[in-house]
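Work through the exercises below with the sequence and the coordinates open. Try each task before reading its solution.

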Amino acid sequence: MAKRDVAAELLRELGQDRTGFHSGEELSTRLGVSRTAVWKAACRLREAGYAIESVTRLGYRLTALPDGMTRELLEQYLPQGRGETVICYEETDSTNTRGMQLALEGAPTGTVVLADRQTRGSGRLGRSFLSPGGQGVYLSYLYRPDCDPAALSLLTSCAGLAVCQVLEELGLAPAIKWPNDIIIDRRKVCGILTKLASDAETATVNGAVIGIGVNVTQQREDFPEELRDKAVSVQEAGVTVPRAAVAAGIITRLDDLLLRQRILSQPSEALIGELTRRSCTVGSRVEVISPTGEYEALAVGIAPDAGLVVELPDGSRRTVSSGEVSVRGLLGYT
Ligand code: BTN
């Protein structure tokens, strides 16, 4: 039987109400341990960086959380019980690799893998994604499709919408650079990479792993010199927020869009409208780089499958998909 973690249980109790005090007696009854065990657990939490006030005759109160990427910490920001299918690593190669493995092992939809740092963070087009410890959110969300596989092309965009919603709640003004970057003031704050786990025998997609990397606490000098004008963190953009709060916000938003609203089962004009409204690509001149050649066009809209609709100089329109092409903005952020 797994050993009880009284400190984690105490944290859950204290986290449920952070305004008032919880008496030692009440806590010992609720947890079914002695008051000394409660006291020891509070000491352990303080050692881990939690600020816990204790006042004679009033009890304990949680006043501040440390920065970190542990499940206990995440549970402070997630709805009750949601943390049960979140797996946190201090270090892993890539949460997308872990997520693909979990997909093959049959993990349920909504399972999340998070890491404080990645040693082989991967980005689009075979690029690497810098993932230093203590500075970002690196998470992969496993989604088991219960929709038409064609709708899966919308997944990266849904994740982009979820990230934008979280950043907007923090008072920022993010935009989506089609197909998978979130930018603030023309610099990249987040990248998204979705992988599909398919079954060759049945030719079906049995899982999709949506990988999301957000720069949260970096200062300008923390980025390598060549990225300083291209990358930004949430903190540099003016908002100080615990990384676990950002991660929990993204998970909660994805749960809402994918599992509660089941947005992929009924792709709606409203979703495309939300994506178009936040797109900084639509309305810009772009250079489309496809396997068959490069050409300039004007981005004019987002298609129902989340592809980019472009208009060519002769006035004809076509939809380009993220798998086939790389779109480079001719103005501003590239
Ligand atoms: C890109 O910008 O090209 C996409 C970057 C995606 C990075 C995230 S971090 C979490 C997940 N694990 C990875 O190895 N990649 C994604």
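The exercises go from a sheet to a helix pair, then to backbone geometry and single residues.

The model is predicted: local features need pLDDT of at least 70, side-chain atom pairs count only at pLDDT 80 or more, and totals for chains, interfaces and linings use all residues. Residues are numbered from 1 along each chain as its sequence is written, and side-chain values use heavy atoms, with hydrogens and water left out.

**Exercise 1. The open sheet**

Give the strand order of the seven-stranded open sheet and find its edge strands.

Solution.
- Step 1: Assign the elements; helices (H or I, at least four residues) and strands (E, at least two) are DSSP runs, numbered from the N terminus.
- Step 2: Pair the strands, where a pair needs at least two bridges found by DSSP. In general, strands of a sheet pair through backbone hydrogen bonds, either parallel or antiparallel.
- Step 3: Read off the order, which is β3-β4-β5-β9-β8-β7-β6, with mixed pairing. The edges are β3 (86-92) and β6 (175-177), each of which pairs on one side only.
- Step 4: From one strand to the next, the twist averages 20°. Axes are lines fitted to C-alpha atoms, for helices over the stretch in contact, and angles run from 0 to 180 degrees between N-to-C directions.
- Step 5: Look at one pair in detail. Strands β8 (residues 187-199) and β9 (residues 204-215) run antiparallel and are joined by 10 bridges; threonine 194 stands opposite isoleucine 210 in β9.
- Step 6: Add the helix. α7 (residues 243-260) packs on the sheet and touches β3, β4 (112-118), β5 (136-143) and β9, where contact means heavy atoms within 4.5 Å. The direction of α7 makes about 20° with that of β5.

**Exercise 2. Two packed helices**

Describe how α1 and α3 pack, and list the residues that meet.

Solution.
- Step 1: Helix α1 (residues 6-16) packs on helix α3 (residues 35-47) at an angle of about 85°, and their axes are 9 Å apart.
- Step 2: Classify the angle: under 35 degrees is roughly parallel, over 145 roughly antiparallel, 65 to 115 roughly perpendicular, and the rest oblique. The two helices, α1 and α3, are therefore roughly perpendicular to each other.
- Step 3: From α1, Val6, Ala7, Leu10 and Leu11 meet Ala37, Val38, Ala41, Ala42, Arg44 and Leu45 of α3.
- Step 4: Sort these residues of the α1 and α3 contact: nine are nonpolar, none is polar and one is charged. Here Ala, Val, Leu, Ile, Met, Phe, Trp, Tyr, Cys and Pro count as nonpolar, Asp, Glu, Lys and Arg as charged, and the others, Gly among them, as polar.

**Exercise 3. Unusual backbone geometry**

Where is the cis peptide bond, and which loop holds proline 179? Also examine phi at residues 185 and 186.

Solution.
- Step 1: Recall the background: most residues other than glycine have a negative phi, and most peptide bonds are trans.
- Step 2: Tryptophan 178 and proline 179 are joined by a cis peptide bond, with omega about 5°. Proline 179 lies in the loop between β6 and β7 (181-184).
- Step 3: Aspartate 185, in the loop between β7 and β8, has a positive phi near 45°. Arginine 186, in the loop between β7 and β8, has a positive phi of about 70°.
- Step 4: Check accessibility, with buried under 20% relative accessible area, exposed over 50% and partly exposed in between (1.4 Å probe, protein chains only). Aspartate 185 is exposed at 68%, and arginine 186 is exposed at 53%.

**Exercise 4. Threonine 281**

Is threonine 281 buried or exposed, and what does its side chain reach?

Solution.
- Step 1: Threonine 281 lies in the loop between α8 (269-278) and β10 (285-290).
- Step 2: With a relative accessible area of 5%, threonine 281 is buried.
- Step 3: The side chain of threonine 281 reaches the backbone nitrogen of tryptophan 178 at 2.9 Å.
- Step 4: Not counting residues up to four places away in sequence, threonine 281 touches Ile176, Lys177, Trp178, Val286, Ala299 and Leu308. Of these, Trp178 is also a partner in the cis peptide bond.

Key. A polar contact is a pair of N or O atoms within 3.5 Å; within protein, one must be able to donate a hydrogen and the other to accept it, and residues adjacent in sequence count only if both atoms are side-chain atoms.
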